[in-house]
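This report covers a ligand site and two sheets. Keep the structure open while reading.

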Amino acid sequence: METTMTFEYAPAPESRAIVTIKPKYGHFVGGKFVAGGKHFPTINPATEEVLSQIALAGKADVDAAVKAARKAYISTWSKMSGKERGKYLYRIARIMQERAREFAVLETLDNGKPIRESRDTDIPLAAAHFFYHAGWADKLEYAGLGTSPKPLGVAGQIIPWNFPLLMLAWKVAPALAAGNTVVLKPAESTPLTALLFAEVCQQAELPAGVVNIVTGDGSTGALIVNHPGIDKIAFTGSTEVGKIIARAVAPTNKSVTLELGGKAANIVFDDAPIDETVEGIVNGIFFNQGHVCCAGSRLLLQENVAEEVLHKLKNRMQKIRVGDPMDKNTDVGAINSKEQLAKIIELAAVGDSEGAERWSPECKLPSKGFWFAPTIFTGVTQAHRIAREEIFGPVLSVLTFRTPAEAIEKANNTPFGLSAGIWSEKGSRTLWASQQLRAGVIWANTFNKFDPTSPFGGYKESGWGREGGRHGLAAYLKGVSHE
Ligand code: NDP
């Protein structure tokens with residue numbers, strides 16, 4: 001008789017002993033932590049445990065932060081040579097590496113993402129952004145951005161909850177390298193690593209006021225956006241809020257970059273290497289619980305390989321381990337908040353009612369916290385809301401196509417244009433398809449690969465401007481085009 005053996009993974013929990021979470025946090029202004037007025041809780045979405053009380057910045061707090069940033073800009077940072085600024089950035093990068101485990105544990109506790117991802121992706125990439133921009137600080141005049149590029153002044157930076165420290169690094173590192181000072185607001189549900197970063201700024205002896213961090217909700221973000229003392233707004237978040245910001249800054253002199261939503265097509269041609277492709281599909285949509293603006297959330301399969309790909313994809317999905325984010329074996333962690341979970345549940349229900357077919361592997365979800373099983377919808381058409389709207393969760397919509405031209409037509413049929421994926425063994429087909437796709441980032445035979453040297457950003461409703469690389473630097477310098 002044939003027997004099959006299955007192996008269970010023993011739990012491999014990461015210890016949280018390395019982090020010290022204070023019961024209450026204030027704002028980081030002018031190089032010091034200052035007490036806040038009102039507070040709100042930040043919780044661990046995997047357990048609903050209250051981790052700490054976070055200050056909610058109002059007008060006076062934002063004013064103080066902008067004032068500190070302006071003072072540091074005028075008296076210190078804009079006067080300092082690029083070489084000196086670079087030394088601080090290197091110092092920050094090295095301290096982030098030294099404290100990487102602490103950052104990873106804290107990120108996982110506050111965000112719900114698997115420790116494997118915060119440890120191997122978020123934190124190393126955040127440090128890499130500081131290293132990369134440290135290198136630029138004294139070479140700006142050789143970047144092809146003019147002979148004597150000048151900073152913009154004070155940058156107001158508003159970031160989301162999906163990659164808290166990494167989004168901070170994308171914003172702070174280029175701003176500082178180019179000679180700007182910053183006022184940054186982390187998302188309401190994930191402020192803890194930004195507050196630890198404030199400690200790193202102190203440890204690096206960064207001049208007071210160069211980095212200011214105010215915590216709060218959307219109202220704090222709006223105060224930053226509308227503050228007359230700010231020269232540039234850099235925002236990552238929803239298209240809806242991006243539009244509000246665009247309208248708010250339109251009558252002002254403020255520069256702006258917006259990194260917004262997406263609904264990326266991940267296109268599988270019939271000559272694709274199927275096993276590798278299945279890994280890429282899983283990474284494309286289930287990485288970080290699908291809380292990724294560039295997630296490959298629309299899978300376009302060429303009809304003659306659709307059955308085979310779906311069969312293998314379902315087999316692969318049975319092996320995805322969902323659960324405790326602190327367990328080093330976990331692949332998919334908790335949904336970041338109750339609100340986000342409600343949004344995912346609502347859109348998935350729309351998928352059911354519009355006639356798409358839902359499938360999830362069997363998986364036991366923890367009773368506490370916010371969870372959603374990895375899910376695919378087949379039989380999706382372009383008219384379905386789940387093919388058009390960003391779900392921002394572990395939910396994949398599967399469509400099919402017959403010809404390459406049809407694939408491109410479907411891929412581009414979206415108000416977004418952040419990223420796309422192409423799976424094919426033919427270089428000529430990949431190059432052809434990438435020229436037709438209206439997306440800022442296009443991956444071929446891979447997905448969700450990030451690098452500080454590579455510009456990132458979108459077309460259409462996915463945003464304005466680029467972050468990363470030379471293009472990202474340009475967005476923090478006067479008179480240089482962003483595109
Ligand atoms: P938001 O756009 O609301 O939040 C992003 C950041 O902007 C947060 O720091 C938020 O503060 C702040 N903010 C909210 N309202 C305003 C405002 N009027 N003026 C200035 N700043 C503001 O995104 P959500 O967190 O609510 O997520 C909603 C949806 O957005 C998701 O479901 C997803 O589709 C999309 N999203 C896209 C991201 C991307 O990377 N492109 C990232 C995150 C979300 P606070 O969180 O404290 O309220």
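Which helix gives the most residues to the shell around the ligand? Helix 7 does, with four residues. The model is a predicted one, and every value below is computed from it.

## The ligand site

The ligand has 27 residues around it. Those that come nearest are I159, W161, S238, L260 and K343. By class, the shell holds 12 nonpolar, nine polar and six charged residues.

Three polar contacts to the ligand are listed here.

| Residue | Protein atom | Ligand atom | Distance |
|---|---|---|---|
| G218 | backbone N or O | oxygen | 3.2 Å |
| S238 | side-chain N or O | oxygen | 2.7 Å |
| L260 | backbone N or O | nitrogen | 2.7 Å |

Taken alone, the ligand exposes 850 Å². The protein buries 85% of that area. Three elements give two or more residues each to the shell: helix 7 (218–225), strand 9 (232–236) and helix 11 (338–353). S238 and L260 are among the residues that come nearest to the ligand, and each also appears in the table, S238 through its side chain and L260 through its backbone.

## The three-stranded sheet

Now to the sheets. One open sheet has three strands in the order 1-5-4, with mixed pairing. Strand 1 (24–25) and strand 4 (39–43) are the edge strands; each has a single partner strand, so one side of each lacks a neighbour in the sheet. Strand 1 pairs with strand 5 (residues 50–55) in the parallel sense, over two bridges. Within this pairing, K24 has Q53 of strand 5 as its bridge partner. Helix 6 (residues 192–203) packs on this sheet and touches strand 1, strand 4 and strand 5. The direction of helix 6 makes about 65 degrees with that of strand 5.

## The seven-stranded sheet

How many strands form the other open sheet, and in what order? Seven strands form it, in the order 13-14-15-12-11-16-17, and the pairing is mixed. Strand 13 (357–359) and strand 17 (441–444) stand at its edges; each has a single partner strand, so one side of each is left without a neighbour in the sheet. From one strand to the next, the twist averages 20 degrees.

Strand 12 (residues 298–302) and strand 15 (residues 395–401) run parallel and are joined by five bridges. Here L301 stands opposite T400 of strand 15. Helix 13 (residues 404–411) lies across strand 11 (265–268), strand 12 and strand 15. Helix 13 runs at about 170 degrees to strand 12.

How values were computed:
Residues are numbered from 1 along each chain as its sequence is written. This is a predicted model: local features need pLDDT of at least 70, side-chain atom pairs count only at pLDDT 80 or more; totals for chains, interfaces and linings use all residues. Side-chain values use heavy atoms; hydrogens and water are left out. A residue is near a molecule or strand if one of its heavy atoms lies within 4 Å of it. A polar contact is a pair of N or O atoms within 3.5 Å; within protein, one must be able to donate a hydrogen and the other to accept it, and residues adjacent in sequence count only if both atoms are side-chain atoms. Accessible areas come from the Shrake-Rupley method with a 1.4 Å probe; for residues, only the protein chains shown count as cover. Ala, Val, Leu, Ile, Met, Phe, Trp, Tyr, Cys and Pro count as nonpolar, Asp, Glu, Lys and Arg as charged, and the others, Gly among them, as polar. Two strands pair if DSSP finds at least two bridges between them. Contact means heavy atoms within 4.5 Å. Axes are lines fitted to C-alpha atoms, for helices over the stretch in contact, and angles run from 0 to 180 degrees between N-to-C directions.
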